[in-house]
Structures are given as C-alpha cells and as structure tokens.
Amino acid sequence: MEKEFEIRTYGFGELARLYLPNIKPESASKRLRAWIKKNQKLNELLNQLGYEKSDKVLTPKMVDLIIIWIGHP
C-alpha cells in the first residue's frame, strides 16, 4: 500500500525528487522550477505567498498549490 502524500514543509529539492525520482537531484529541481514557471497561474499564486525562484524551502501552503496545479508526486 502506497503512503498518502503529506502536505507539510518540504525542501524544494526534496519535493522535486518526489516528482522525478529517476533523474539527478539537480535536474529534478530544474524540471520542477520549469513546470512552475510555465504554469502562469501557479506561478502567480505562489508569488502571492512570497515564493521566489531561489527559495530552498516550500511552505505547506505552497506545496498544496503545487499539488493542486501539477498533481501528486
């Protein structure tokens, strides 16, 4: 049985590796950042929460938005 995804504070790279576990961590982070940048509405909503491209930590609210717009890892 697969463990349910927990909405909590995540390191950006940690969350990226959950989405892309089969590529290098640096590549996973770049890919997740690209997905966020490409999704204008998600990017806008994250910015309203204080998200900046260089952030290393994502708050639970930020993670929740990513899940809503990108889907579960």
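Helices (H or I, at least four residues) and strands (E, at least two) are DSSP runs, numbered from the N terminus. The exercises below apply this to a predicted model.

**Exercise 1. Determine the order of the secondary structure elements and assess how compact the chain is.**

Solution. The inventory of elements is four helices and two strands. Read from the N terminus on, they follow the order β-α-α-α-β-α. The radius of gyration of the chain is 12 Å, close to the 11 Å that the globule rule gives for 73 residues, so the chain is as compact as a globular protein of that length. Along the principal axes, the C-alpha atoms fill a box of roughly 35 × 25 × 20 Å. Among contacts with a separation of 6 or more, 52% join residues 24 or more positions apart.

**Exercise 2. Identify the buried residues of helix α4 and elements that cover them.**

Solution. Helix α4 spans residues 60-70. A residue is buried when its relative accessible area is under 20%. In α4, this holds for M62, V63, L65, I66 and I67. The cover over these residues includes the strands β1 (10-11) and β2 (57-58), together with the helices α1 (12-19), α2 (25-38) and α3 (40-48). After α4 comes G71, with a positive phi near 110°.

**Exercise 3. Classify S29 as buried or exposed, and list its contacts beyond four places in sequence.**

Solution. S29 belongs to helix α2. Its relative accessibility is 17%, and S29 therefore counts as buried. Leaving aside residues up to four places away in sequence, S29 touches F12, G13 and A16.

**Exercise 4. Find the aromatic pairs of the structure and classify the geometry of each.**

Solution. A pair of aromatic rings is described by the distance of the centres and the angle of the planes. The whole structure yields two such pairs. For F5 and Y10, the ring centres are 5.3 Å apart and the planes stand at 5°, so this pair is stacked. Both F5 and Y10 are buried. For Y19 and W35, the centres are 6.0 Å apart and the planes stand at 85°, so this pair is edge-to-face. The Y19 and W35 pair links distant parts of the chain, as Y19 lies in helix α1 and W35 in helix α2, 16 residues apart. Y19 has 13% relative accessibility and so counts as buried, while W35, at 31%, counts as partly exposed.

**Exercise 5. Describe the surface and the charged side chains of the chain.**

Solution. The accessible surface comes to about 5200 Å², and carbon and sulfur atoms hold 52% of this area. The chain carries 13 positive and 9 negative side chains. The centres of these two sets lie 8 Å apart.

Definitions and conventions. Residues numbered from 1 in each chain as written. Predicted model: local features only at pLDDT ≥ 70, side-chain atom pairs only at ≥ 80, totals over all residues. Heavy atoms only, no water. Buried < 20%, exposed > 50% of the residue type's maximum accessible area, 1.4 Å probe, protein only. Contact = heavy atoms within 4.5 Å. Rg over C-alpha atoms; globule rule 2.2 N^0.38 Å. Areas by Shrake-Rupley, 256 points an atom, 1.4 Å probe, with all protein chains shown as cover. Lys, Arg positive; Asp, Glu negative; His and termini not counted. Charge placed at Lys NZ, Arg CZ, Asp CG, Glu CD. Phe/Tyr/Trp six-rings, centres within 6.5 Å; stacked < 30°, edge-to-face > 60°.
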